[in-house]
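I opened this entry to look up the pockets and one helix residue. My notes follow in the order I took them.

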Amino acid sequence: MIDKSAYVMRISQASPAGLVVINFEIILDYLNEASANVSDKEAFRAAIQKAKDGLEQLIQSLDFDVPLSHDFYEIYKYAQKLLCDVHFSSDGEAACSVLKEVAELMEILLEGWKVAAEKADAEGISEGAPENAPKVYAGLTYGKDGSANEYIDENNGGFMA
């Protein structure tokens, strides 16, 4: 199971290009989860669906006024098609081969987006979280009985857990 909490803080503070990088990382996590669960059809299919959902997010974020977006669209649709082909596959070996191909493709794109995000951040082209975004203040305390109590500052849009 993927630890989604590891991504929460990164997402809240990411630039637009950084969000694309995070999306690729999440897709890769789900592809790895699917590969690890080929024998468990329910977990396998759930992970494949999440990876396809991640690709759909990438497609929805494309700006087709930018010519390169059309190329990305074709790559994302190709990866989605491959995942659709193995979604209900009963051949674990073939499924793993397809998952490996999609993962390699995603890793190549991820590396390119990492470079683009770093360059955009260094040149100040893309901003991180908006100035009016709430800051996250959280803490963990332990009660006398040994129980852990989480706290997120309510004055900053948080909540008491």
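Before sorting any lining, I fixed the classes: Ala, Val, Leu, Ile, Met, Phe, Trp, Tyr, Cys and Pro count as nonpolar, Asp, Glu, Lys and Arg as charged, and the others, Gly among them, as polar. I also noted that the model is predicted.

Entry on the largest pocket. I read a volume of about 350 Å³ for the largest pocket. It is lined by 18 residues, and those closest to its centre are Ile-11, Ile-22, Asn-23, Ile-26 and Gln-57. By class, I found 11 nonpolar, 4 polar and 3 charged residues in this lining. Which helices each supply at least two residues of it? I listed helix 1 (5-13), helix 2 (16-36) and helix 3 (41-60). Helix 2 gives the most, with 7 residues.

Entry on the second largest pocket. Here I read about 190 Å³ of space. The lining residues include Val-20, Leu-58, Asp-63, Phe-72, Tyr-76 and Trp-113. Helix 4 (residues 68-87) gives the most to this lining, with 4 residues. I sorted the lining into 8 nonpolar, 2 polar and 1 charged.

Entry on Ala-103. I placed Ala-103 in helix 5 (residues 92-122). Is Ala-103 buried or exposed? Its relative accessible area is 10%, so I entered Ala-103 as buried, the cut-off being under 20%. Leaving out residues up to four places away in sequence, I found that Ala-103 touches Leu-28 and Leu-31. Leu-31 is 72 residues from Ala-103 along the chain, yet their C-alpha atoms are separated by 6.6 Å.

Key. Residues numbered from 1 in each chain as written. Predicted model: local features only at pLDDT ≥ 70, side-chain atom pairs only at ≥ 80, totals over all residues. Heavy atoms only, no water. 1 Å grid on protein atoms, 1.4 Å probe; cavity = no way out; pocket = protein on both sides within 12 Å on 5 of 7 lines; lining within 4 Å. Points joined across faces, edges and corners; volume = space filled by probe spheres on them. Buried < 20%, exposed > 50% of the residue type's maximum accessible area, 1.4 Å probe, protein only. Contact = heavy atoms within 4.5 Å.
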